[in-house]
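Student: I should like to work through one helix and its surroundings in this model. May we begin with the terms?

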Amino acid sequence: GDDSSGRKVITFSCCRMPPSHQLNHTRLLEYLKYTLDQYVENDYTVVYFHYGLKSLNKPSLKWLQTAYKEFDRKYVSKRLVLPYLAFNILLTISFSFPRYKKNLKALYVVHPTNFIKILWNIFKPLISHKFGKKITYVNCLSDLGEHLKYDQLNIPQEVIRHDENLQRKQKGKLPPVVKVPPPRPPLPTQQFGVSLQYIKDKNKGELIPPVMKETVSYLKSKGLRVEGLFRRSASIQTIKDVQKLYNQGKSVNFDDYHDIHIPAVILKTFLRELPQPLLTFDCYDHILGITSVESCLRVTRCKQIIQGLPEHNYVVLKYLICFLHMVSQESIYNRMTASSLACVFGLNLVWPSKGTASLSALVPVNLFTELLIDFYTNIFNSRTVPGE
């Protein structure tokens with residue numbers, strides 16, 4: 001899933017931890033490292049579900065020490081070993097090692113116990129204030145919804161039932177019923193959260209949505225050589241303000257914000273909030289199959305898949321990938337290779353119609369996106385669309 005800023009979310013559920021004597025802790029360590037490695041080059045968020053941690057399934061102190069040494073050998077000098085708890089696995093990995101802490105923007109601890117809070121207060125003086133600001137305690141799942149789209153997360157049923165029990169126990173009464181007003185119809189000038197067809201119909205048949213045209217144009221002129229373009233986040237409130245301006249049909253001057261990453265985040269947000277992904281739900285399974293295609297035939301297979309896109313989606317995709325290809329050509333300055341851009345844009349271009357993409361989907365989705373960017377000229381050279 002994504003948080004409210006579009007950052008990828010990694011979840012850790014204690015209730016899914018098997019008894020310690022049944023767990024291959026070496027494989028667990030490798031899995032933790034593998035999972036984090038998918039995201040640490042970009043801004044990301046961690047959600048830790050504490051419910052279900054018991055004496056039976058707590059990792060041993062010996063394993064924590066092994067994990068600490070493993071990360072220490074590969075990445076940094078020693079800094080801090082936190083107490084014996086699964087909570088501290090996340091803190092150790094995410095905070096103690098620069099490769100992982102650099103782009104971690106938030107850690108949400110869901111259903112924290114008093115013991116967790118006491119431990120944190122004890123060790124807080126040893127951790128910088130900047131780290132401390134990244135941790136947020138979340139007492140119930142509804143509160144988590146204020147920070148991210150928690151309905152996209154694969155939350156264990158045990159956690160959901162525990163949350164329901166907590167809600168029932170609170171003061172022995174149900175919270176007041178809040179009437180939710182029916183959704184408002186989109187504005188004629190709406191840009192976010194509406195279909196490409198809707199935007200086209202409201203903009204005199206223009207195929208490229210105004211928000212996409214303006215962000216790409218601005219980034220072409222001023223952002224191609226910015227290091228880490230598309231990797232950095234921006235102020236949540238500023239992004240909401242810019243979205244509001246676009247949805248109201250008002251002009252946006254990105255020079256006023258003095259932050260090149262704002263148009264970059266706006267572009268990613270636009271793609272992510274489309275009702276149907278730009279590469280469409282129909283293409284999702286075909287894209288996942290790209291890894292089973294022989295390497296020498298993958299570009300041809302990519303070409304076949306996008307040939308099946310609706311004309312409007314094809315034109316918008318071609319416009320976007322052309323720009324991303326330009327960005328990758330300046331990677332000596334911006335450090336954003338086709339592979340780096342694919343990690344950022346892959347799951348903003350396609351996702352399943354139900355639920356969220358699994359971890360195993362990351363490799364084929366990112367590979368497909370990387371091929372589109374690297375071989376842009378070859379893949380998009382044979383199809384022309386009227387009005388393109």
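Tutor: Buried means under 20% relative accessible area, exposed over 50%, and partly exposed in between (1.4 Å probe, protein chains only). Helices (H or I, at least four residues) are DSSP runs numbered from the N terminus. The model is predicted: local features need pLDDT of at least 70, side-chain atom pairs count only at pLDDT 80 or more, and totals for chains, interfaces and linings use all residues. Residues are numbered from 1 along each chain as its sequence is written, and side-chain values use heavy atoms, with hydrogens and water left out.

Student: Which residues in α11 are buried?

Tutor: Helix α11 covers residues 236-247. Its buried residues are Thr238, Ile239, Val242, Gln243, Tyr246 and Asn247.

Student: Against which helices do the buried residues of α11 pack?

Tutor: Packing is judged by contact, meaning heavy atoms within 4.5 Å. By that criterion, the buried residues of α11 pack against α10 (210-222) and α12 (261-272).

Student: Why is Asn247 classed as buried?

Tutor: Asn247 is placed in helix α11. It is classed as buried because its relative accessible area is 14%.

Student: Which backbone nitrogen lies 3.1 Å from a polar atom of the side chain of Asn247?

Tutor: Leaving aside residues up to four places away in sequence, Asn247 touches Leu187, Thr189, Gln190, Gln191 and Phe192. The backbone nitrogen lying 3.1 Å from a polar atom of the Asn247 side chain is that of Phe192.

Student: What phi does Gly249 take?

Tutor: Gly249 comes just after α11. Its phi is positive, at about 75°.

Technical notes: Helices (H or I, at least four residues) and strands (E, at least two) are DSSP runs, numbered from the N terminus. The expected span of a helix is 1.5 Å times one less than its number of residues. A polar contact is a pair of N or O atoms within 3.5 Å; within protein, one must be able to donate a hydrogen and the other to accept it, and residues adjacent in sequence count only if both atoms are side-chain atoms.
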